[in-house]
Amino acid sequence: MDTPHTLTGLVVAPWDPAYATARVDYNARFKPFSPDYVMYAKAVADVEVAVRWAARHRIPFRVRSGGHSYEAYSLLNHGLVIDVSRLNHIHWDPATELWHIGAGAQLLEVYQALWDQQEVTIPGGSCPTVGIAGLTLGGGFGLISRQFGLTIDALAAVEMIDRLGRRVFVSDRQHADLFWALRGAGANNFGVITEFTFHASPVSSVTIFSIDWQWARLPEVVRLFQHWADPKRLDRRLTAILTLPAQTSGHISLVGEFLGDQASLHDILEPLLSIPGRTAYVTNVMSYIEAMRHFAGVAGDVSRWMIHGVPAHDTFKNTSAYAYQMLPEPAIQALVKALADPPGPACLVQLGTMGGRIADVKPEATAFCHRLARFDLQYQAYWSEPERAASHIRWVEEFRRALEPWTVGAYVNYCDANIRDWPDAYYGKNLRRLLSIKQQWDPGNLFSYPQGLSQLV
């Protein structure tokens, strides 16, 4: 590969001291990659040049924002990584009352900036270092989604660099088909996203809560949780996540966020509080930004409020599915069986409530197709010793397959290389339209990765 003398931005090559860090994935399950170059864009023009350069030299490339791809799809060997993490501006336009957010901005800094300037927010996840691009382009679920929708539901427009290195502005009024596709299938399929424009919603104080039960009560909790979390009846101001961990943990827990007062929340939670075996029940009223810091694991009791796997673990295998119907008794027994004998203590599954504003939007209205699910499932395994990787990966896959008779699809943001029917799992009936738009905007499959639409056209 020739020296990229025409590339701009900060270009890191194998002989550069910064290369050791630039080639490492967030998930330590993957060994360091060996890209030929990592280009850190300092301006949108850097991305334009990088795309044209890669196309001209026929160099494979990947795009990286926060670098949290579960399967390390933002890195590669023997190619170019276009890193947009330094395009992290966050600006409010008072004329339009819209927010312009660079593709590299991390979630917690986005929430903090929106809070500090206007006491507003956009719906999204709570892992603090996830990049806004990856989250948004796959849909974007978080603890206020039942009230405000997915992240893509707050999206007004996108700035994208296309296959010719041209800057394209995309919205409902400009390139509407592409805007449809980017909302749920946008990651490295059609172009490099450099900026998002969002509508924001006002927020103030919220009530967060945590309930624990003895692990032995898992069947009872799951049964009642499913009735309680009926997506059409549950107060949409509340979003909750039920964590079912390995039996050795001794307990199961439900955490969530309510855009209302403690008394009203208590009334909503009353059916769950009556389940025998409850060992803890905590509620706290705080500002929205304080709550986001708690759930991000950077404030308060991390072990109680952490909702992203296991603190201090960065070696993992995760996968996902959606439940459109309540899990019957055989499915609940499959949960018990898998969690009673996992390969290690840091194995779990989480059930996240859906419905509300998420389901107000039709499944075909955006590329994200799983809007009518009752809840999502995220199967997770974490470990430290390299020799334990195989058993944990196998456990996650077997767990997912055990629940397949009662679940549907998967979430593209929780990408899983072991899902064979990933096109249908991620996109369902929206796939045919996506492939047509892919052929229109990227007929030569310049934008490609292992589970990208490029594999299908």
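**Entry 1. Strand β2**

I call a residue buried when its relative accessible area is under 20%. I am working on a predicted model.

I began with strand β2, residues 37-40. Which of its residues are buried on each side? Y37 and M39 are buried on one side. V38 and Y40 are buried on the other. Both faces of β2 are therefore covered. I noted the general pattern behind this: side chains in a regular strand alternate between the two faces of the sheet.

Next I looked up the partners of β2. Strand β1, residues 10-12, runs antiparallel to β2 and is joined to it by 3 bridges. V12 has V38 as its bridge partner there. Strand β4, residues 80-83, pairs with β2 in the parallel sense, over 4 bridges. In that pairing I found Y37 bridged to L80.

**Entry 2. The chain overall**

I stepped back to the chain. I counted 15 helices and 18 strands in it. Its radius of gyration is 22 Å, and the globule rule gives 23 Å for 457 residues, so the chain is as compact as a globular protein of that length. The C-alpha trace spans about 65 × 55 × 40 Å along the principal axes.

I then checked burial and surface. Of the 457 residues, 59% count as buried. The accessible surface comes to about 18,000 Å². Carbon and sulfur atoms hold 51% of that surface.

I also looked at contacts between residues at least 6 apart in sequence. Of these, 73% join residues at least 24 apart.

**Entry 3. An open sheet of 5 strands**

I traced one sheet in detail. Its 5 strands follow the order β5-β6-β10-β8-β9. The sheet is open and the pairing is antiparallel. Which strands are at the edges? They are β5 (90-93) and β9 (167-171), and each pairs on one side only. Neighbouring strands are turned by 20° against each other on average, direction ignored.

I zoomed in on one pairing. Strand β6, residues 98-102, is joined to β10, residues 192-198, by 4 bridges. The two run antiparallel. H100 stands opposite T197 in β10.

Two helices contact this sheet. Helix α3, residues 107-118, lies across β5 and β6. I read its angle to β5 as about 35°. Helix α6, residues 176-185, packs on the sheet and touches β8 (155-161), β9 and β10. Its direction makes about 100° with that of β8.

**Entry 4. Salt bridges around D416**

I listed the salt bridges and got 21 for the structure. I kept the general reason in mind: side chains of opposite charge can pair when their charged atoms come close.

I picked K317 and D416. Their closest N and O atoms are 2.7 Å apart. K317 is in strand β16, residues 316-323. D416 is in the loop between α13 (389-402) and α14 (422-427). The pair is 99 residues apart and links distant parts of the chain.

Are these two buried or exposed? K317 is at 2% relative accessible area and D416 is at 0%. Both values fall under the 20% cut-off, so K317 counts as buried, and so does D416.

D416 has a second partner, R400, with closest N and O atoms 3.9 Å apart. I noted that this distance is within the 4 Å limit for a salt bridge. R400 sits in helix α13 and D416 in the loop between α13 and α14, so the pair ties together parts 16 residues apart in sequence. Both D416 and R400 are buried.

I then followed the links outward. Which residues share the network? They are R29, E71, K317, E397, R400, R401, E404 and D416.

**Entry 5. The K438 and D442 pair**

I looked up one more salt bridge. The side chains of K438 and D442 meet at 2.7 Å, N to O. K438 has 0% relative accessibility, so it counts as buried. D442 is at 2% and counts as buried too.

**Entry 6. Helix α9**

I finished with helix α9, residues 288-295. How many of its 8 residues are buried? The count is 6, so the helix is largely enclosed by the rest of the structure. The buried residues are Y288, I289, A291, M292, H294 and F295. I added a general note on helices: there are 3.6 residues a turn, so residues three or four places apart point the same way.

After α9 comes G297. Its phi is positive, near 80°.

Methods:
Residues numbered from 1 in each chain as written. Predicted model: local features only at pLDDT ≥ 70, side-chain atom pairs only at ≥ 80, totals over all residues. Heavy atoms only, no water. Pairing = 2+ DSSP bridges. Axes fitted to C-alpha atoms, helices over the stretch in contact; angles between N-to-C directions. Contact = heavy atoms within 4.5 Å. Rg over C-alpha atoms; globule rule 2.2 N^0.38 Å. Buried < 20%, exposed > 50% of the residue type's maximum accessible area, 1.4 Å probe, protein only. Areas by Shrake-Rupley, 256 points an atom, 1.4 Å probe, with all protein chains shown as cover.
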